[in-house]
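Hi everyone, thanks for coming. Could you pull up the structure on your screens so we can walk through it together?

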Amino acid sequence: GFDNHKGSARRSLPLWKNRMVNDCTESRLVNLKKLDVLENNIKNEQHLECIYTIRYLNRRMLEYIATQAPLRVGCLFAISHFCKEQGGGWTWEHPKPNSVLERDELRKMFNNERGWGIIHDEMCLDGDHGRTLINFCVEKI
């Protein structure tokens with residue numbers, strides 16, 4: 001995986017072990033705001049099966065993945081992030097409203113015309129404050 005945080009690999013290892021994927025998963029420190037660096041990392045991956053992001057929103061990166069990233073057919077993209085309910089506002093202090101997805105934002109970005117099939121699109125509540133989250137997964141078609 002590619003991550004903005006230095007400690008990601010150390011923090012992720014227990015999850016990978018629990019899911020029995022620690023022998024085929026790695027973390028690489030990458031500045032995800034530099035799309036050319038992300039693109040080079042994607043191009044250099046021979047077995048990239050899935051890209052996922054948890055509580056990290058970079059709309060330029062999402063648009064790049066949806067429209068330009070050199071991903072093979074069958075590659076998955078998944079995101080779990082804060083999201084407003086349909087037509088709803090955002091009443092929490094964190095994150096700020098401009099860092100929260102609109103309910104149909106991902107569905108519009110990752111659509112059939114752009115070569116994506118939606119596998120999962122569900123709203124839920126986070127476990128600590130009751131904020132709304134979207135769990136969204138698409139497959140490159």
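I'll start with the sheet, go on to the core, and finish with a few odd spots in the loops.

One thing up front: this is a predicted model.

Okay, the sheet. It's an open one with four strands, in the order S3-S4-S6-S5, and the pairing is mixed. Which strands stand at the edges? Those are S3 and S5, residues 116–125, and each has a single partner strand, so one side of each is left without a neighbour in the sheet. From one strand to the next, the twist averages 10 degrees.

Now let's go along the pairs. S3, residues 50–54, and S4, residues 76–82, pair in the parallel sense, with five bridges. If you want a spot to click on, take threonine 53 in S3, whose bridge partner in S4 is isoleucine 79. To get from S3 to S4, the chain goes through helix H3, residues 59–67, and this β-α-β crossover is right-handed.

Next pair: S4 and S6, residues 132–140, run antiparallel and are joined by seven bridges. Here alanine 78 stands opposite cysteine 137 in S6, and isoleucine 79 has phenylalanine 136 as its bridge partner in S6. So keep isoleucine 79 in mind, please: threonine 53 is its partner on one strand, and phenylalanine 136 is its partner on another.

Then there's S5 with S6, also antiparallel, joined by nine bridges. Cysteine 124 has leucine 133 as its bridge partner in S6. The hairpin of these two strands has six residues between them, and in it glycine 130 takes a positive phi near 80 degrees.

What about covered and uncovered faces? Generally, side chains in a regular strand alternate between the two faces of the sheet. You can follow that in S3: Ile51 and Thr53 make up the covered face, while Cys50, Tyr52 and Ile54 are on the uncovered one. S6 is mostly covered, with seven of its nine residues buried.

On to the helices and the core. H3 packs on the sheet, where it touches S3, S4 and S5, and its direction makes about 155 degrees with that of S4.

As a general point, nonpolar side chains in soluble globular proteins tend to be buried together. In this model the largest nonpolar core has 28 residues, and the ones with the most contacts inside it are Ile65, Leu71, Phe77 and Phe110. Which elements give two or more residues to this core? They are H2 (35–43), H3, S4, H4 (105–109) and S6. H3 gives the most, with five residues.

Try zooming in on isoleucine 65. Leaving aside neighbours within four places in sequence, isoleucine 65 is in contact with Ile51, Leu71, Phe77, Phe110 and Trp116.

H2 is a nice one for seeing sides of a helix. Its buried residues include Leu35, Leu38, Asn41 and Ile42. They cover an arc of only 120 degrees around the axis, which puts them on the same side of H2. The general background is that an α-helix has 3.6 residues a turn, so residues three or four places apart point the same way.

Now two residues to look at around leucine 57. Histidine 81 lies in S4. Is histidine 81 buried or exposed? At 4% relative accessibility it counts as buried, because the cut-off is under 20%. Histidine 81 and leucine 57 are 24 residues apart in sequence, but their C-alphas are 7.4 Å apart in space. Apart from residues within four places in sequence, the contacts of histidine 81 include Arg55, Tyr56, Leu57, Ser99 and Leu101.

The second one is valine 100, in the loop between S4 and H4. At 1% relative accessibility, valine 100 counts as buried too. It sits 43 residues from leucine 57 in sequence and 7.8 Å from it in space, C-alpha to C-alpha. Not counting residues up to four places away, valine 100 touches several others, among them Leu57, Phe82, Trp90 and Pro95.

That brings me to the odd spots. In general, most residues other than glycine have a negative phi, and most peptide bonds are trans. Proline 95 is in the loop between S4 and H4, and a cis peptide bond joins it to histidine 94, with omega at about -10 degrees. Arginine 55 isn't a glycine, yet has a positive phi of about 55 degrees. You'll find arginine 55 in the loop between S3 and H3, partly exposed, with a relative accessible area of 39%.

That's my tour, thanks for listening!

Notes:
Residues are numbered from 1 along each chain as its sequence is written. This is a predicted model: local features need pLDDT of at least 70, side-chain atom pairs count only at pLDDT 80 or more; totals for chains, interfaces and linings use all residues. Side-chain values use heavy atoms; hydrogens and water are left out. Buried means under 20% relative accessible area, exposed over 50%, partly exposed in between (1.4 Å probe, protein chains only). Two strands pair if DSSP finds at least two bridges between them. A crossover is right-handed if, with the strands pointing away from the viewer, the path from the first strand over the helix to the second runs clockwise. Axes are lines fitted to C-alpha atoms, for helices over the stretch in contact, and angles run from 0 to 180 degrees between N-to-C directions. Contact means heavy atoms within 4.5 Å. A nonpolar core is a set of buried Ala, Val, Leu, Ile, Met, Phe, Trp, Tyr and Cys residues joined through side-chain atoms within 4.5 Å. The arc is that of the directions from the helix axis to the C-beta atoms.
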